[in-house]
Amino acid sequence: GRKQIGPSGWETDRSLTLQLYSEGANLAYRTGDTNTMNILLDEVISRPDLTIMEKFRAYEIRIIARQSSDQFRESLTLGIDVLKQLGLPLLIDKPRSKVSVV
């Protein structure tokens, strides 16, 4: 799919290209090809013209891959960064006594 759409895929069919790269990275992860996975994820994540929501699937795959490689701290750090980019509130610096469960 990526070969047929070519290097201009991001300009001609952004949605399809994003899906091809993200799901290609997922397939590479599932088959143990971390090099290809990282290349594809880096391409998606580094694109300044994509929103955080468009990059979300790529981040999800990277977080899962890090967890499965016992890189829990890196996975957590990336997850927190994504939450910040999404504008979601974080309770990291609050003491437990200040956090309430609704």
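These are my notebook entries on a predicted model of a helical protein.

**Entry 1: the overall plan**

I began by listing the secondary structure, and I found 6 helices and 0 strands. Read from the N terminus, the order is α-α-α-α-α-α. The protein has 102 residues, and 29% of them are buried. I also looked up contacts between residues at least 6 apart in sequence, and 39% of these join residues at least 24 apart.

**Entry 2: helix H3**

Next I turned to H3, which has 17 residues. At 1.5 Å a residue they should span 24 Å, and the end C-alpha atoms are indeed 24 Å apart, so the two values agree. I then asked myself which residues of H3 are buried. My list reads Thr17, Leu18, Tyr21, Ser22, Gly24, Ala25, Asn26 and Ala28. What covers them includes helix H1 (2–5), H2, H4 and H5. After H3 comes Gly32, and I noted its positive phi, near 85 degrees.

**Entry 3: a pair of rings**

Tyr21 made me curious about aromatic pairs, and the count came to 1. The partners are Trp10 and Tyr21, with ring centres 5.3 Å apart and planes at 40 degrees. Why is this pair called tilted? Planes under 30 degrees apart would count as stacked and planes over 60 as edge-to-face, so an angle between those limits is tilted. Trp10 sits in helix H2 (residues 9–12) and Tyr21 in helix H3 (residues 14–30), so the pair ties together parts that are 11 residues apart in sequence. I checked burial too: Trp10 and Tyr21 are both buried.

**Entry 4: H4 against H5**

Here I looked at how two helices meet. Helix H4 (residues 34–45) packs with H5 at an angle of about 145 degrees, and their axes are 9 Å apart. The crossing of H4 past H5 is left-handed. From H4, the contact uses Met37, Asn38, Leu41, Asp42, Val44 and Ile45. From H5, the residues are Lys55, Ala58, Tyr59, Ile61, Arg62 and Ala65.

**Entry 5: the loop before H6**

Between H5 and H6 there is a loop, and Asp70 is in it. I stopped at Asp70 since its phi is near 60 degrees, a positive value in a residue other than glycine. Is Asp70 buried or exposed? Its relative accessible area is 59%, which is over the 50% cut-off, so Asp70 counts as exposed.

**Entry 6: the two faces of H6**

My last helix was H6 (residues 72–85), with 14 residues. From first C-alpha to last it reaches 20 Å, close to the 20 Å expected at 1.5 Å a residue. Ser75, Leu78, Gly79 and Val82 are buried in H6. They cover an arc of only 100 degrees around the axis, which puts them on the same side of H6. A reminder to myself: an α-helix has 3.6 residues a turn, so residues three or four places apart point the same way. The buried residues of H6 pack against helix H5 (52–68). On the face turned away from the buried side I found the exposed residues Arg73, Leu76, Thr77 and Lys84.

I picked Ser75 for a closer look. Its relative accessible area is 4%, and Ser75 is buried. Leaving out residues up to four places away in sequence, Ser75 touches Ile63, Arg66 and Gln67. Just after H6, Gly87 has a positive phi of about 80 degrees.

Terms used:
Residues are numbered from 1 along each chain as its sequence is written. This is a predicted model: local features need pLDDT of at least 70, side-chain atom pairs count only at pLDDT 80 or more; totals for chains, interfaces and linings use all residues. Side-chain values use heavy atoms; hydrogens and water are left out. Helices (H or I, at least four residues) and strands (E, at least two) are DSSP runs, numbered from the N terminus. The expected span of a helix is 1.5 Å times one less than its number of residues. Buried means under 20% relative accessible area, exposed over 50%, partly exposed in between (1.4 Å probe, protein chains only). The arc is that of the directions from the helix axis to the C-beta atoms. Contact means heavy atoms within 4.5 Å. Rings of Phe, Tyr and Trp (its six-membered ring) pair if their centres lie within 6.5 Å; planes under 30 degrees apart count as stacked, over 60 as edge-to-face and the rest as tilted. Axes are lines fitted to C-alpha atoms, for helices over the stretch in contact, and angles run from 0 to 180 degrees between N-to-C directions. A crossing is left-handed if the near helix is turned anticlockwise from the far one by less than a right angle, and right-handed if clockwise.
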